[in-house]
Each structure stands twice: as structure tokens, then as C-alpha cells.
Amino acid sequence: MSGRLSLSGASSSSLLPCCLSFKRLSHLHSPKPNHHRLLPDFLRAKTRRFSTIKSASVSPMAEDNEGTVKQQLSKLFETSLRMTVPDEPDLEPLVVKCTGKFGDYQCNNAMSCWAKVKGKKTEFKGPPSIGQAIANNLPESEMIESCSIAGPGFVNVVLPNQWITKSIQKMLEKGVGIWAPKLPVSRAVVDFSSPNIAKEMHVGHLRSTIIGDTIARMLEYSNVEVLRRNHVGDWGTQFGMLIEYMFEKFPDWENAGEQAIGDLQAFYKASKLKFDADPVFKEKAQQAVVLLQGGNEKYRKAWSTICEISRKEFHQVYERLGISLEEKGESFYNPYIPKVLEGLSNQGLIVESEGARVIVIEGKQIPLIVVKSDGGYNYASTDLTALWYRLNEEKAEWIVYVTDVGQKLHFEMFFTAAKLAGWLPADEKLYPKTSHVDFGLVLGDDKKRFRTRSSEVVRLVDLLDEAKTRCKAELVERGKALEWTAEELEQIAEAIGYGAVKYADLKNNRSTNYTFSFDQMLNDKGNTAVYLQYAHARICSIIRKSGKDIEELKNTGTIVLGLPEERSLGLHLLQFAEVVEEACLSLLPNVLCEYLYNLSEHFTRFYAECKVNGTPEETSRLLLCEATAVVMRQCFHLLGIVPVFKI
């Protein structure tokens with residue numbers, strides 16, 4: 001966890017942000033939005049374009065990256081469209097993967113082109129003739145073997161086998177990094193996990209943590225600099241209650257520390273019971289909040305002690321899941337809130353309402369409260385300030401928030417407030433932008449919120465340990481304890497168990513609820529992490545049994561796509577980059593899971609029809625095996641799953 005910003009008042013000069021410059025997803029246009037009039041003076045102090053930001057994480061292999069297959073084809077069709085319909089310069093190529101048997105990719109611009117030129121003086125008779133012209137005007141390229149026209153002008157493209165194999169062998173030689181997609185942003189903030197201090201991380205935090213980590217990994221792979229933020233709840237009214245309870249129960253708290261507090265969750269519940277039942281204690285707790293926020297040294301020290309105990313609890317979960325985050329909790333942004341709200345007030349956005357200060361959002365029945373009637377700050381004031389900081393101090397172009405669907409209205413309202421302030425463009429295609437990645441509930445077998453038999457929320461540490469224990473027992477039953485060292489058994493059980501929990505979550509569309517079932521997620525058949533781990537281990541076994549040096553084959557061997565199953569596998573491998581691009585831009589990890597499962601199915605069909613070892617095609621097929629294993633491992637990495645090489 002990172003250290004925190006000093007909570008002393010920030011100087012006004014440190015609050016001067018840059019003036020935000022909006023840019024398009026498509027770089028074909030350079031709009032000049034008139035947003036400066038919306039900004040107060042202190043938000044106009046500096047001017048710096050986001051396009052000047054350079055990502056610190058750009059791979060040295062980026063120069064070898066020519067973009068996804070779809071991106072490369074789109075460039076060719078863009079040239080063709082300019083020649084075919086020169087009076088329609090704003091057309092963007094509509095290139096998609098083919099679902100039929102007539103090609104590998106398809107350009108679907110003919111119908112929209114016809115709609116634009118119909119009725120004008122034109123040589124075209126309809127969409128098919130435009131489609132034919134688009135095909136004829138394509139520049140010569142080694143990545144196009146043939147084109148055909150289908151239906152209302154669809155241009156089907158077949159990729160040459162030689163180009164597919166060349167691309168795969170280049171990946172094997174230079175690494176899978178050259179297949180990273182090119183995204184329109186350089187720096188992003190992913191705000192995920194974000195538990196509350198002094199409360200246990202439970203299964204409700206599982207989805208935010210797993211989904212957020214995968215989104216961060218996919219963006220990082222795509223050469224985006226990602227600021228992984230843990231926006232923990234560490235600065236609320238509950239701290240007065242916790243601190244006073246600690247003082248009362250443990251007068252020697254400074255020496256006793258976490259040993260005195262013991263179980264943090266039980267400690268929180270006990271303090272809440274006293275707060276609700278004892279008016280005198282409640283008043284003392286409320287006064288404690290004032291002392292804490294006023295900078296009282298004793299109360300700050302007690303607050304810091306409670307936060308540190310919580311961090312150790314959180315770390316147990318993050319360590320098991322292999323998650324890295326930088327903590328910037330609510331307290332980090334507290335010193336900036338007054339100045340940010342002052343700026344919004346100067347713009348006329350904040351008004352008085354029933355003693356509170358609010359921002360009125362058109363179309364919403366209730367306003368966005370930014371200062372409570374008692375003068376205190378809340379989620380909205382903290383979130384607005386955090387967004388301001390991320391845009392102006394951290395220079396983020398894309399800020400992604402991963403929370404449950406129940407917070408959807410809150411994010412809609414505070415994003416709208418940011419647009420009213422001119423911090424964000426009204427056009428969703430422009431950057432900087434914000435996205436709320438919402439997700440559904442984790443359910444039990446009874447289709448209700450997943451809980452223990454005693455109706456307690458499930459602790460994540462216990463859940464993860466249970467998955468590992470079950471995997472280990474299964475491996476022992478299969479006799480692996482006799483084949484492997486004790487360390488190997490532990491590591492493989494951990495990789496499979498934790499990976500199974502992650503994949504069971506990520507393979508679902510995040511917006512839906514899903515039922516948590518150990519039996520289902522640990523099944524070695526069907527679309528599960530266990531099945532995929534077995535598939536990967538089998539590929540590794542094929543390569544090992546060949547006795548060949550696969551690294552040497554990468555330099556000396558050649559891939560030949562002789563049979564349909566070989567070509568199908570090769571083409572699917574090549575589509576990895578665009579799948580990652582789609583998963584990134586849609587913020588849907590299940591898209592990547594679907595690709596990974598389909599890859600294993602493609603390999604199964606390939607292996608069933610194409611014997612590898614001891615055949616004349618052995619070298620070519622071993623290289624296809626290796627390419628499949630490489631891409632599978634990259635998928636596992638993006639999903640936060642540790643691959644196993646033998647089971």
C-alpha cells in the first residue's frame with residue numbers, strides 16, 4: 001500500500017489544475033469544443049493537452065506492433081472508401097469477422113455508402129456495385145488473398161495462409177507483446193476493490209477486485225499506463241465510534257495495538273451496538289469525529305492504528321489473489337474538497353436546498369448532495385474531488401470505476417455534474433471520459449445473496465482457502481502427492497483453486513448475477529478454469545514428449561497450414577489482439593474468457609485430426625502447439641490466473 005498524503009491543508013497553488021482538452025476516439029477529426037466558458041478561474045490556470053502524455057509502460061516491442069488484423073484491414077478499406085466515394089470523407093470502415101464460409105473478414109460499408117450517394121449523380125446501381133468498387137479499389141497487400149461480394153455489397157476477404165503463418169511465427173520470435181492492441185488512451189485510472197476500513201472484505205468485494213484487476217491487466221498489456229487505485233473508505237463518521245470504543249475498552253491501546261482489538265469485524269459490530277444503544281457514547285463518538293477531522297494528534301494516531309490493522313486484513317486477500325493496488329482512500333482527497341467545491345460554487349452549479357448544498361441534475365428527482373445539512377462532506381463531494389484530482393493532477397484520460405450495480409445512479413449523477421462543470425466532454429466519443437463498470441450479485445444455491453449457513457457474509461479469505469483445500473484433496477486423491485513434491489502440490493492446488501474462483505466470476509457478463517458453486521467451478525469439464533488448465537498442461541505435455549527444443553524450432557522451423565483444422569486454429573490465434581481490444585473498450589472480461597475457451601476447443605479439434613509427434617508435419621504442428629500455449633498463458637495472465645504446466 002502507498003503512503004498517504006499529509007492531511008494538513010493543501011496550499012491554493014497546489015490545487016491549480018490544467019485546462020482539460022478533449023480528444024476523439026477516432027483521430028480523423030480535431031474538434032474544438034467551447035468548454036472554457038464553463039470553467040472557473042482556478043480551473044483555467046494551466047493548459048496542457050492530454051495527447052502529450054507518454055505512457056511509461058509502453059513495451060519496447062511496440063514498434064513491431066502493426067495493430068490487430070481488423071485494424072490493419074480497416075486501414076486498407078479506409079483508403080479504398082476514399083477512392084470509391086471521395087465526396088464522403090467521414091466514412092469509417094466497418095470491418096468485422098466473418099461468421100459464414102465465404103471469408104475470414106468482411107467490410108460492410110456498401111449499404112451505408114449507397115444511402116449517402118443514392119439520388120446523386122453516381123455511377124453506382126446499388127449496394128452490390130459499390131461493394132465491387134470497394135473491393136477493386138483496395139490497395140495491394142500481402143494480407144489479402146482474395147475478395148468476393150455477397151448479398152447487398154458485403155466484401156468478403158480471405159487471408160493468405162502464408163500471411164497467417166508469418167504473423168504467428170513473428171509472435172513466437174518476438175513475443176506475444178507484439179499482438180497487443182492499440183488503444184486511444186495513454187493513461188487510465190482503474191478504481192476497484194475499495195473496501196471500508198474496519199470491515200471484513202466479503203464476497204461482495206470479490207467481483208470488484210477480480211473484475212478491476214483484469215481490466216487493469218488488459219489495459220496494461222495494451223501499453224496503457226494504469227494507475228491502480230484502492231479508494232478505501234477510511235474517512236467517515238464511523239471512525240468516531242470506533243476510536244471512542246477503543247479508548248473505552250482498551251485504555252492502554254497504544255501498547256496493546258491490534259492484539260487488544262482482536263477480530264476487527266467483531267470489534268466493529270460491538271462498537272456499533274453501543275453507538276445505537278448508548279446516547280452518551282453516541283455523543284462522544286460524534287465529538288470524536290470533529291476532533292479527528294480537526295487534526296487532534298491522539299485521535300489521528302488511533303485512526304491510523306485502526307486503518308493499519310484493516311490493511312493487514314485486506315493484504316491477506318490481495319496476496320492470495322495476486323492483486324496489486326495503490327491505496328488512495330477518502331482521506332487522501334479530503335484536503336482538496338473545499339477548493340474544488342468552491343470552484344463548482346463559483347460556476348453557479350452548487351445551490352442551497354433544505355440546509356444542504358446540492359447540484360441539481362436535470363431529469364433526476366433528487367439533487368446530488370455535496371455538503372450535508374450538518375456541514376459534513378459525503379461520497380459525492382469525495383468522488384467529485386477524486387475525479388478532479390485524477391484529471392488534473394494525475395492526467396488520466398480514462399477513469400474506470402468498478403462497483404456494484406446498486407451505485408449506478410450515484411455515478412450517473414456525479415458524472416453528469418462533472419460534465420456540467422466542463423471537466424468532461426458531453427460527447428461520449430471524446431476523452432477524457434469516465435466509465436462505471438457495474439456488476440451483479442453473487443448468489444447462493446437458494447438464489448439469494450451468498451452467505452454462510454449462519455447468515456453471515458462470507459469472508460473472502462475463507463472462501464479462497466476452501467477452494468485451495470478442495471483442489472488439494474482432489475489432487476491427492478488422484479495420486480499426485482506421490483508424483484510431486486509437497487511444494488509443487490501446494491502451488492498447483494493454489495493456482496487451480498484461486499484461478500477457478502476468478503474464472504467462474506469473469507466468464508459471466510459482469511452485469512448479471514451468478515450462483516457461486518464450488519462443485520461447478522472446480523469441475524474439470526466444460527467452461528471452467530480447471531478444464532482450461534488441463535488443456536494448457538496437455539499442450540505442454542505434447543511439446544515435452546516430442547523431445548524437441550521448442551526455442552530452437554522457433555528459429556529454424558516453419559508453420560504450414562495444410563488441413564482445415566490447422567488453418568482454423570491459426571486464424572483464431574491471430575484474432576487474439578482484437579478480442580483484447582474489444583474486451584478493453586467494452587470493459588467486459590467475459591469476452592476474453594469466451595475467446596480462451598474457444599481457443600481450447602479449436603485446439604482439441606486440431607489435435608483430434610492432426611497427429612503431432614512422429615509425423616512429417618511434426619515441426620509445424622509443434623510450433624502451432626507452442627503458439628496456442630503462449631496465447632493461453634497470456635489469456636491466463638490477463639485474467640489473473642497462474643497457469644500450470646502439468647496436472
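**H436, a pocket and two cores**

Analyst: In this predicted model, the side chains of H436 and T403 are joined by a polar contact of 2.6 Å.

User: Where does H436 lie?

Analyst: H436 is part of strand β16, which covers residues 433–439.

User: And is H436 buried or exposed?

Analyst: H436 counts as buried, because its relative accessible area is 18% and the cut-off for buried is under 20%.

User: What else is H436 in contact with, leaving aside its neighbours within four places in sequence?

Analyst: With those neighbours left aside, H436 is in contact with T403 and also with Y401, D404, Q407, K408, F411 and F415.

User: Switching to pockets, which residues lie nearest the centre of the second largest one?

Analyst: Those residues are S194, H205, T403, D404 and Q407, out of 34 that line the second largest pocket, and the volume of this pocket is about 830 Å³.

User: Which element gives the largest share of that lining?

Analyst: Helix α5 does, with 5 residues, and by class the lining of the second largest pocket is made up of 13 nonpolar, 13 polar and 8 charged residues.

User: New topic: which residues touch the most other members of the largest nonpolar core?

Analyst: In that core of 166 residues, they are L73, L159, W179, L219 and F576, while the largest share of the core, 12 residues, comes from helix α25, residues 618–638.

User: What about a second core?

Analyst: There is a second, separate core of 35 residues, and among them are I337, I350, I361 and W423.

How values were computed:
Residues are numbered from 1 along each chain as its sequence is written. This is a predicted model: local features need pLDDT of at least 70, side-chain atom pairs count only at pLDDT 80 or more; totals for chains, interfaces and linings use all residues. Side-chain values use heavy atoms; hydrogens and water are left out. On a 1 Å grid over the protein atoms alone, a cavity is a set of points where a 1.4 Å probe fits but cannot get out, and a pocket is an open set with protein on both sides within 12 Å along at least five of seven lines; lining residues have an atom within 4 Å of a point. Grid points are joined across faces, edges and corners, and a volume is the space filled by probe spheres set on the points. Helices (H or I, at least four residues) and strands (E, at least two) are DSSP runs, numbered from the N terminus. Ala, Val, Leu, Ile, Met, Phe, Trp, Tyr, Cys and Pro count as nonpolar, Asp, Glu, Lys and Arg as charged, and the others, Gly among them, as polar. Buried means under 20% relative accessible area, exposed over 50%, partly exposed in between (1.4 Å probe, protein chains only). A polar contact is a pair of N or O atoms within 3.5 Å; within protein, one must be able to donate a hydrogen and the other to accept it, and residues adjacent in sequence count only if both atoms are side-chain atoms. Contact means heavy atoms within 4.5 Å. A nonpolar core is a set of buried Ala, Val, Leu, Ile, Met, Phe, Trp, Tyr and Cys residues joined through side-chain atoms within 4.5 Å.
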